[in-house]
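Thanks for making time this morning. I would like to take you through one protein model, beginning with its overall layout and ending with a few individual residues.

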Amino acid sequence: MLMRSIALAGLSTLAFTTAALAEIEVHDAYARSSGPMAKAGAAFLHIANSGPEDDRLIEARADVAKRVELHTHIDAGDGVMKMREVGDGFPVAAGSVHMLKRGGDHVMFMGLTGPFEQGMTFPLVLVFEKAGEITVDVTVDLERQDAMDHGMDHGKMDHGSMDHGQMTHTE
C-alpha cells in the first residue's frame, strides 16, 4: 500500500510539472548579428504564458557564445539608449505575451564562437522560474526588417561598461 501511495504521489507531481511546462510557449525566435566579423549578436522571440500563474525568464544558455545574458535598453534621459543586463530576468504575466524585440528586452550573445550565417539554426535554452528549462531552435535571419531598422539613431546607443571591442551593434 505504501509503494502504491508513493507511486501515485510521483505521478501527481509529474502531471503538475508537465502542466506547468505546457503553459509557456515560445514563438518567432530569430537571431541577428551585424556581420560576419561580429563578436556579439542577439535573439528575439515571443514568450506566451497561457497559464493562470505569472512566471519569469531568469536565464538563457547557448553554445554559440562565451556569454549569454538577458538584456534590455534603458533611456538614460539624455536621448541615449543604454543596453543593460537584467539580473532578475523578464516577468511573463499569466495570460500574456512578453516580446523580446529589437530596441527592448532581448537575449544577448557576447563572444560569438563563430559567425551568425543567414539561415543557420542553433538551440537556445530558456530557463523559467516555474516552467523550468525550455529549448527552442533559433534561426539566424540577418535580412529581417523590424521597427528598429527605421528611425533608430544607432549613433546614440551606449552599451555601458561593455568592451566595445567585443560588442557590435545588433539592434
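I will go from the whole chain to the core, then to one hairpin, and then to the charged pairs.

A word on the basis first: this is a predicted model, in which local features need pLDDT of at least 70 and side-chain atom pairs count only at pLDDT 80 or more, while totals for chains, interfaces and linings use all residues. Residues are numbered from 1 along each chain as its sequence is written, and side-chain values use heavy atoms, with hydrogens and water left out.

The protein has one helix and eleven strands, where helices (H or I, at least four residues) and strands (E, at least two) are DSSP runs numbered from the N terminus. Along the sequence the helix comes at the start of the pattern, which reads α-β-β-β-β-β-β-β-β-β-β-β. Of the 171 residues, 40% are buried; by buried I mean under 20% relative accessible area, by exposed over 50%, and by partly exposed anything in between, with a 1.4 Å probe and protein chains only. The accessible surface comes to about 9,300 Å², and 55% of that belongs to carbon and sulfur atoms; these areas come from the Shrake-Rupley method with a 1.4 Å probe, and for residues only the protein chains shown count as cover. If we take contacts, meaning heavy atoms within 4.5 Å, between residues at least 6 apart in sequence, 68% of them join residues at least 24 apart.

Let me turn to the interior. A nonpolar core here is a set of buried Ala, Val, Leu, Ile, Met, Phe, Trp, Tyr and Cys residues joined through side-chain atoms within 4.5 Å. The largest such core holds 31 residues, and the members that touch the most others are Val107, Phe109, Phe122, Leu124, Leu126 and Phe128. Several strands supply at least two residues each to this core, among them β1 (24-33), β3 (55-61), β8 (106-112) and β9 (121-128). Phe128, leaving aside neighbours within four places in sequence, is in contact with residues including Ile24, Ile47, Leu57, Val92 and Ile134, and also with the charged-type names Asp55 and Arg56. There is also a second, separate core of seven residues, which includes Ala40, Ala42, Phe44 and Met83.Next comes the hairpin. Strands β4 and β5 (residues 81-85) pair in the antiparallel sense over five bridges, pairing being called when DSSP finds at least two bridges between two strands. Ile74 has Lys82 in β5 as its bridge partner. Five residues lie between β4 and β5 in this hairpin, and Gly77 in the turn has a positive phi of about 90°.

Which residues does Glu69 touch, once its neighbours within four places in sequence are left aside? They are Glu85, His106, Val107, Met108 and Met110. Glu69 lies in strand β4 and is buried, at a relative accessible area of 12%. Its side chain makes a polar contact with the side chain of His71 at 2.7 Å; a polar contact is a pair of N or O atoms within 3.5 Å, where within protein one must be able to donate a hydrogen and the other to accept it, and residues adjacent in sequence count only if both atoms are side-chain atoms.

Now the charged pairs. Five salt bridges are found in a search of the whole structure, a salt bridge being a side-chain nitrogen of Lys or Arg within 4 Å of a carboxyl oxygen of Asp or Glu. In one of them Glu53 pairs with Lys130, with the closest N and O atoms 3.3 Å apart. This pair links distant parts of the chain, since Glu53 is in the loop between β2 and β3 and Lys130 is in the loop between β9 and β10, 77 residues apart. Both are partly exposed, Glu53 at 49% relative accessible area and Lys130 at 45%.

Arg61 takes part in a network of salt bridges with Glu59 and Glu133. The side chains of Glu59 and Arg61 meet at 3.5 Å, N to O, whereas for Glu133 and Arg61 the closest N and O atoms are 2.6 Å apart. Glu133 in strand β10 and Arg61 in strand β3 are 72 residues apart. Arg61 is partly exposed, with a relative accessible area of 32%, and Glu59 counts as partly exposed at 33%.

Two residues remain. Pro36, in the loop between β1 and β2, is exposed at 64% relative accessible area, and its C-alpha is 6.7 Å from that of Phe116, although the two are 80 residues apart in sequence. Asp28, in strand β1, has a positive phi of about 55° although it is not a glycine, and Asp28 is partly exposed at 36%.
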